[in-house]
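Thanks, everyone. I have one structure to go through today, and I will put it on the screen now.

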Amino acid sequence: MKTIKISDSKKISSLQAELNEIYPFLKLEFFHQRHAVNKGSAKKDMFDTSLTLRQLKKKPNDGAIVLKESMKVSELEELFKNIFGLSVQVFRKSGNLWIETTVTDDWTLQQQNEEGKELSFLSK
């Protein structure tokens, strides 16, 4: 189990780096609005990574999210939405690309990370 601290003063890029330390083949992106189930998010709706969470949070509260290997991607996205009012999407590394995990939102964070690792090494 790992914990990511969420605070209004934290930049998106810092939060992304924290997740990437735990799961090197996963990335969080933040969006203006939530994506529909099994649908992707429009790139034009993505927030700039230099913004602080205060600039995009709809629920102004600090806290933390505990990451477990058994946590599903959809559960992580729900936690961000329900606790902090943030619309996030998990992306997985696939070779040199980052792909949205919309079709595999029911996979665990560990499964996603392992798949990303395999795909990244296969493409070399």
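Let me start with a question: how many of the 6 residues of β2 are buried? The count is 5, so β2 is largely enclosed by the rest of the structure. Keep in mind throughout that this is a predicted model.

Now the general layout. The protein chain has 3 helices and 5 strands. Reading from the N terminus, the order of elements is β-α-β-β-α-β-β-α. The chain is 124 residues long, and 40% of those residues count as buried. If you take the contacts with a sequence separation of 6 or more, 66% of them are between residues 24 or more positions apart.

Next, the sheet. It is an open one, made of 3 strands in the order β2-β4-β5, with antiparallel pairing. β2 and β5, the latter being residues 97-100, are the edge strands, each pairing on one side only. From one strand to the next, the twist averages 40°. Two helices pack on this sheet. The first to mention is α1, which touches β2 and β5 and runs at about 155° to the direction of β2. Then there is α2, which touches β2 and β4, with its direction at about 150° to that of β4.

Going back to β2, its partner β4 covers residues 87-94, and the two strands pair in the antiparallel sense over 6 bridges. If you want a register marker, Glu 29 stands opposite Gln 89 in β4.

Now to α1 itself, residues 12-22. Which of its residues are buried? They are Ile 12, Leu 15, Gln 16 and Leu 19. Looking down the axis of α1, these buried residues fall within an arc of 100°, so they line one face of the helix. What do they pack against? The partners are β1 (2-6), β2 (26-31), β3 (63-67) and α2 (73-84).

That brings me to the interior. The largest nonpolar core has 23 residues, and the members that touch the most others are Phe 30, Leu 67, Leu 76 and Phe 80. The elements contributing two or more residues to this core are β1, α1, β2, β3, α2 and β4. The most comes from α2, which gives 4 residues.

Phe 30 deserves a moment on the screen. Setting aside residues up to four places away in sequence, Phe 30 touches Ile 12 and Leu 15, the stretch Asp 45, Met 46 and Phe 47, then Leu 53 and Leu 56, and finally Phe 80, Leu 86, Ser 87 and Val 88. Ile 12 and Leu 15 are among the buried residues of α1 that I listed earlier.

I will finish with three individual residues.

The first is Gln 112, which sits in helix α3, residues 109-122. Is this residue buried or exposed? Its relative accessible area is 0%, so Gln 112 is buried. The side chain of Gln 112 makes a polar contact of 2.5 Å with the side chain of Arg 92. Beyond neighbours within four places in sequence, the contacts of Gln 112 are Leu 26, Val 73, Arg 92, Thr 101, Thr 104, Asp 105 and Trp 107.

The second is Lys 68, in the loop between β3 and α2. Its relative accessibility is 40%, so Lys 68 counts as partly exposed. Not counting residues up to four places away in sequence, Lys 68 touches Met 1, Tyr 23 and Leu 109. For distance, the C-alpha atoms of Lys 68 and Gln 110 are 8.4 Å apart, with the two positions 42 residues apart along the chain.

The third is Ile 99, in strand β5. At 30% relative accessibility, Ile 99 is also classed as partly exposed. Leaving out neighbours within four places in sequence, Ile 99 is in contact with Val 90, Phe 91, Arg 92 and Ser 94. Measuring from C-alpha to C-alpha in the model, Ile 99 and Gly 116 are 9.6 Å apart in space, and they are 17 residues apart in sequence.

That is what I have; I will leave the structure on the screen for discussion.

Definitions and conventions
Residues are numbered from 1 along each chain as its sequence is written. This is a predicted model: local features need pLDDT of at least 70, side-chain atom pairs count only at pLDDT 80 or more; totals for chains, interfaces and linings use all residues. Side-chain values use heavy atoms; hydrogens and water are left out. Buried means under 20% relative accessible area, exposed over 50%, partly exposed in between (1.4 Å probe, protein chains only). The arc is that of the directions from the helix axis to the C-beta atoms. Contact means heavy atoms within 4.5 Å. Two strands pair if DSSP finds at least two bridges between them. A nonpolar core is a set of buried Ala, Val, Leu, Ile, Met, Phe, Trp, Tyr and Cys residues joined through side-chain atoms within 4.5 Å. A polar contact is a pair of N or O atoms within 3.5 Å; within protein, one must be able to donate a hydrogen and the other to accept it, and residues adjacent in sequence count only if both atoms are side-chain atoms. Axes are lines fitted to C-alpha atoms, for helices over the stretch in contact, and angles run from 0 to 180 degrees between N-to-C directions.
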